[in-house]
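Work through these short exercises with the model open beside you. Try each task before reading its solution.

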Amino acid sequence: MSDDPYDLDLHTHYQDRGGPQDGPHPNDPKQAVGMAKVPFQALPFAVLAELAVAHGEGALKYGRHNWRSGEVVASTYYAAALRHLFAWIEGEDIDPDSGLSHLTKAMASLGVLRDAQIQGRAIDDRPPATPAGFIPNLNTATGEMTRRVAALKEGK
């Protein structure tokens with residue numbers, strides 16, 4: 001195993017809570033089979049618990065898994081996620097309506113949209129795409145502008 005704390009195998013286990021150990025546990029024959037399956041153990045429990053509360057709020061308001069029985073207009077959930085992200089970046093951590101983190105509410109909105117896509121229930125109302133190369137061109141212009149400003153500041 002690497003000394004890099006971010007270089008962990010998804011299937012490491014914790015020996016007596018003393019730290020990660022490589023490979024399957026020697027006394028767990030099922031773990032070797034489980035290592036070839038979706039690594040649900042890699043999910044952050046606290047975030048999933050918050051998402052469960054956010055989806056519970058939605059279930060109370062609209063019905064559990066309501067988006068699976070109708071259609072989901074993509075822009076509705078995209079806009080909701082952005083509103084929560086904008087509130088968060090502007091310093092408001094908690095959504096005043098639900099008491100949950102704006103980040104959690106944004107993830108819940110995107111989760112509904114993604115599930116609707118998977119279920120074939122999403123209406124893709126995105127506008128026509130921006131021409132290819134637009135963002136790389138802006139990145140180039142930003143880099144050039146940054147270099148020009150730095151040169152001007154050094155010239156003072």
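The exercises below go from the overall fold to one helix and then to the pockets of this predicted model.

**Exercise 1. The fold**

Find how many helices and strands the protein has, and the order in which the elements run.

Solution.
- Step 1: Count the elements. There are five helices and four strands.
- Step 2: Start at the N terminus. The order is β-β-α-α-β-α-α-β-α.

**Exercise 2. Surface and contacts**

Describe what share of the residues is buried and what the protein exposes.

Solution.
- Step 1: The protein has 156 residues, and buried ones make up 19% of them. Buried here means under 20% relative accessible area.
- Step 2: The exposed area is about 11900 Å². Carbon and sulfur atoms supply 59% of that area.
- Step 3: Turn to contacts between residues at least 6 apart in sequence. Of these, 52% join residues at least 24 apart.

**Exercise 3. Helix α4**

Compare the expected span of α4 with the distance between its end C-alpha atoms. Then list its buried residues and find what covers them.

Solution.
- Step 1: α4 covers 102-119 and has 18 residues.
- Step 2: The expected span takes 1.5 Å times one less than the number of residues. For α4, this gives 26 Å.
- Step 3: The end C-alpha atoms of α4 are 26 Å apart, so the two values agree.
- Step 4: The buried residues are H102, T104, K105, A106, A108, S109, V112, L113, D115 and A116.
- Step 5: Look at the spacing. An α-helix has 3.6 residues a turn, so residues three or four places apart point the same way.
- Step 6: The cover over the buried residues of α4 includes α2, β3 (72-73), α3 and β4 (122-123).

**Exercise 4. The largest pocket**

Work out which elements and residue types line the largest pocket.

Solution.
- Step 1: The pocket holds about 590 Å³ of space.
- Step 2: Its lining has 24 residues. G58, Y62, Y77, K105 and S109 lie nearest the centre.
- Step 3: α2 (45-62), α3 (74-89) and α4 each give at least two lining residues. The largest share, eight residues, is from α2.
- Step 4: Sort by type. Eight are nonpolar, nine polar and seven charged.

**Exercise 5. The second largest pocket**

Do likewise for the second largest pocket.

Solution.
- Step 1: Its volume is about 220 Å³.
- Step 2: The lining residues include A74, Y78, L113 and R126.
- Step 3: α3 and α4 each supply at least two residues of this lining.
- Step 4: By type, six are nonpolar, two polar and three charged.

Conventions: Residues numbered from 1 in each chain as written. Predicted model: local features only at pLDDT ≥ 70, side-chain atom pairs only at ≥ 80, totals over all residues. Heavy atoms only, no water. 1 Å grid on protein atoms, 1.4 Å probe; cavity = no way out; pocket = protein on both sides within 12 Å on 5 of 7 lines; lining within 4 Å. Points joined across faces, edges and corners; volume = space filled by probe spheres on them. Nonpolar A, V, L, I, M, F, W, Y, C, P; charged D, E, K, R; others polar. Buried < 20%, exposed > 50% of the residue type's maximum accessible area, 1.4 Å probe, protein only. Contact = heavy atoms within 4.5 Å. Areas by Shrake-Rupley, 256 points an atom, 1.4 Å probe, with all protein chains shown as cover.
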